[in-house]
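Trainee: I would like a close look at one part of this model, with the packing of its helices taken slowly and the surroundings added afterwards. Please define the terms as they come up.

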Amino acid sequence: MASFKKKIAVLGGGLAGMATTASLKEEGGFDITCFEKTDKHGGTWCYREESIEGVASIMPTTIINHSKEVGALSNFPPPKEVNNFMRHYELYQYFNEFAAQKGILEHFRFNSEVTSVKRAPDYEETGRWTVTIRNTLSEEVTTDVYDGVLVCVGHVNRPKLPMYPGQDEFKGQILHSHSLKKVAPYQDKIVTVVGMGCSGLDAAVETSSVAKQVYLSTRSGAHVINRIGYKGLPYDYNLIRSYLYKLFDIFPANFVSWLFEKSYMDLRYNQKLYAVKPDHHIFSKDPILNDHIGSKLMSGSVIMKPDIKCFTKDGIIFEGDSEVTQSDVVIMSTGYTWKFPFLEDDIVEKENDKINLYKCMFPPQLPHATLIIIGFILPFGPGFPPGELQSRWAAQILAGKCRLPSKEKMYKDIETRYEENSKRYTPNEKTSIRVDYISYCDDIASQFGAKPDILRLFFTDFRLLYRILLGPSLSYQYRLQGPHSWDGAREAIMTCEDRILWPITKRDSKAMRESLFQILIQKILNFIFFW
Ligand SMILES: Cc1cc2nc3c(=O)[nH]c(=O)nc-3n(C[C@H](O)[C@H](O)[C@H](O)COP(=O)(O)OP(=O)(O)OC[C@H]3O[C@@H](n4cnc5c(N)ncnc54)[C@H](O)[C@@H]3O)c2cc1C
């Protein structure tokens, strides 16, 4: 008798779609098709010369914000030769190697845009979905029914454009950073960048290398973190550690923010000195990474400006200014809105700013857990490990090996996250999907038994436990146990330093290790001379 396989549609072939395809494949028992609307996989990290509406866009100079080990896929450590902060094409290569090893691309259908996902006529009994696909080359439209649908279309791809008084009269060019590619067109121009998020700082820093002058306009300022952390190691290798994140469970978020600002941020880069001191605490908005903005401000290549009051024909009047600041180009780095345009309106419920998705994945009102959203999160940390964990949990749910709690419990969980986030974060339409990196990963992993058993490790492998509790949080820990655990997980955790140090030093970690005596002397000298 032919075995029955559940037919699953994965919508979108970025990292979330690739990880989801891999997770479904390793679980087995599924007939998987991944529909990708462009002609390539990789989503954000597949560089394109043109920007496409609804597809994330990067610059030729884009570098990832998290280091290779902290952001690695859980059973696929990046090779030691790879740089710690990968340039976009290195990251794309990493994804390609992952795709080749897991046989992902054989499930992909390119140039296939999902235009509609509706409950199938027999949905109430079966939980099935009718999915409509448009072939972007031939315009052929096809419809098919699926047992499960995983939505992996990203949410950093629909530019948000504000409208200021007088903007229509402005004769210069206005674009969103979504469309910013090369900087050559801005040679000798006066450029104003609006917004001080990661994209805003990238746009200001990059264009300032050719522009006559760059102004950076910000309403609220930003805390800027450098990729290079303590002792020249990746910042997240030092900071994304479980015992540090535990502080959030013990103290109020504002206190933890204050502690971090005083003990880490201000020592490296006094934000007040550069007039970028924000009006919010560091953990109440997205962390902003940039390595060059300090020197650009020091040299005057970039000049800080407050919010825009209004546009004129040939420039901008900023709040508090009476004169016009001339501008040829305005780059709006004003963020992205979210939308799943192909879903029926009542699938992802929205109450004002609150998005009703259990664990940012499941519409709680649906009677079947057969439509799952992957990658729709804003973590305080890298996005890949939590996205991959979501996909592994989703595979277990679709396989019938895990169940969701009652509708009431799901709504309660959503409400609690929303209330906590509303207290902590500056209000935003994505407040509901903000998650604390480590606690979210632990939470999702524990749903399907992949969270490491601390008590067991205490008695059986104390060295590993020490690394997990006090070392950087690495996704390999979620392959130590549970479904599809991986024999190489322990080794990957214990050898992570070697892979971090190799591209910098071409030596292994033993050769770089300092004795306790050296560390102590350094601390004392530091205290005497630089206090
Ligand atoms: C400039 C920039 C820098 C970033 N830097 C970081 C970073 O440093 N670290 C980090 O963790 N994250 C970063 N991100 C967020 C980034 O989106 C994630 O890294 C990650 O790539 C998200 O993967 P995804 O698969 O969820 O979404 P995407 O990468 O956006 O992929 C979605 C895919 O779905 C496809 N698609 C969309 N609509 C449809 C449809 N209707 N039918 C079929 N296919 C569809 C798209 O073509 C795309 O291939 C950055 C984003 C941007 C824009």
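Trainee: How closely do the axes of helix α10 and helix α12 approach, and at what angle do they cross?

Mentor: This is a predicted model, in which local features need pLDDT of at least 70 and side-chain atom pairs count only at pLDDT 80 or more, while totals for chains, interfaces and linings use all residues. Residues are numbered from 1 along each chain as its sequence is written.

The axes of α10 (residues 384–398) and α12 (residues 437–447) come within 9 Å and cross at roughly 15°. Helices here are DSSP runs of H or I with at least four residues, strands are runs of E with at least two, and both are numbered from the N terminus. The axes are lines fitted to C-alpha atoms, for helices over the stretch in contact, and angles run from 0 to 180 degrees between N-to-C directions. α10 and α12 are therefore roughly parallel to each other, a label given to angles under 35 degrees, with over 145 counting as roughly antiparallel, 65 to 115 as roughly perpendicular and the rest as oblique. Their crossing is left-handed, meaning that the near helix is turned anticlockwise from the far one by less than a right angle, whereas clockwise would be right-handed.

From α10, the contact draws on Pro-385, Pro-386, Leu-389, Gln-390 and Trp-393, and from α12 it draws on Tyr-437, Tyr-440, Cys-441, Ile-444, Ala-445 and Gln-447; residues are in contact if their C-beta atoms, placed from the backbone, lie within 7 Å. By class, this contact of α10 with α12 has nine nonpolar, two polar and no charged residues, where Ala, Val, Leu, Ile, Met, Phe, Trp, Tyr, Cys and Pro count as nonpolar, Asp, Glu, Lys and Arg as charged, and the others, Gly among them, as polar.

α10 also packs against α1 (15–27), at an angle of about 40° and with the axes 8 Å apart, and this crossing is right-handed. Here α1 contributes Leu-15, Ala-16, Ala-19, Thr-20, Ser-23, Leu-24 and Glu-27, while α10 contributes Phe-384, Gly-387, Glu-388, Ser-391, Arg-392, Ala-394 and Ala-395. That contact of α1 with α10 divides into seven nonpolar, four polar and three charged residues.

From α1 the picture extends to α2 (residues 88–102), which packs on α1 at an angle of about 20° with the axes 11 Å apart. α1 and α2 are therefore roughly parallel to each other, and their crossing is left-handed. In this contact Leu-15, Met-18, Ala-22 and Lys-25 of α1 meet Phe-95, Phe-98, Ala-99 and Lys-102 of α2, and the residues involved divide into six nonpolar, no polar and two charged.

α1 further lies across the strands β1, β2 and β7 (148–151), running at about 170° to β2. These strands belong to an open sheet of five with the order β3-β2-β1-β7-β22 and parallel pairing, where two strands pair if DSSP finds at least two bridges between them. At the edges of this sheet stand β3 (108–109) and β22 (371–373), each with a single partner strand, so one side of each is left without a neighbour in the sheet. Inside the order, β1 (residues 6–11) and β2 (residues 30–35) run parallel and are joined by six bridges, one of them pairing Ala-9 with Thr-33 of β2.

The ligand brings α1 in once more. It is surrounded by 35 residues, the closest being Gly-12, Gly-14, Gly-43, Gly-154 and Gly-383; a residue counts as near if its C-beta atom, placed from the backbone, lies within 6 Å. α1 and β4 (112–119) are the elements that give two or more residues to this shell, and α1 supplies the largest share, three residues. By class the shell around the ligand holds 16 nonpolar, 16 polar and three charged residues.

For the setting, another open sheet of five strands has the order β9-β18-β10-β11-β14, with parallel pairing. Its edges are β9 (173–176) and β14 (302–305), each with a single partner strand, so one side of each is left without a neighbour in the sheet. Within this sheet, five bridges join the parallel strands β10 (residues 190–194) and β11 (residues 213–217), and Ile-190 has Gln-213 of β11 as its bridge partner.

Terms used
Contact = placed C-beta atoms within 7 Å.
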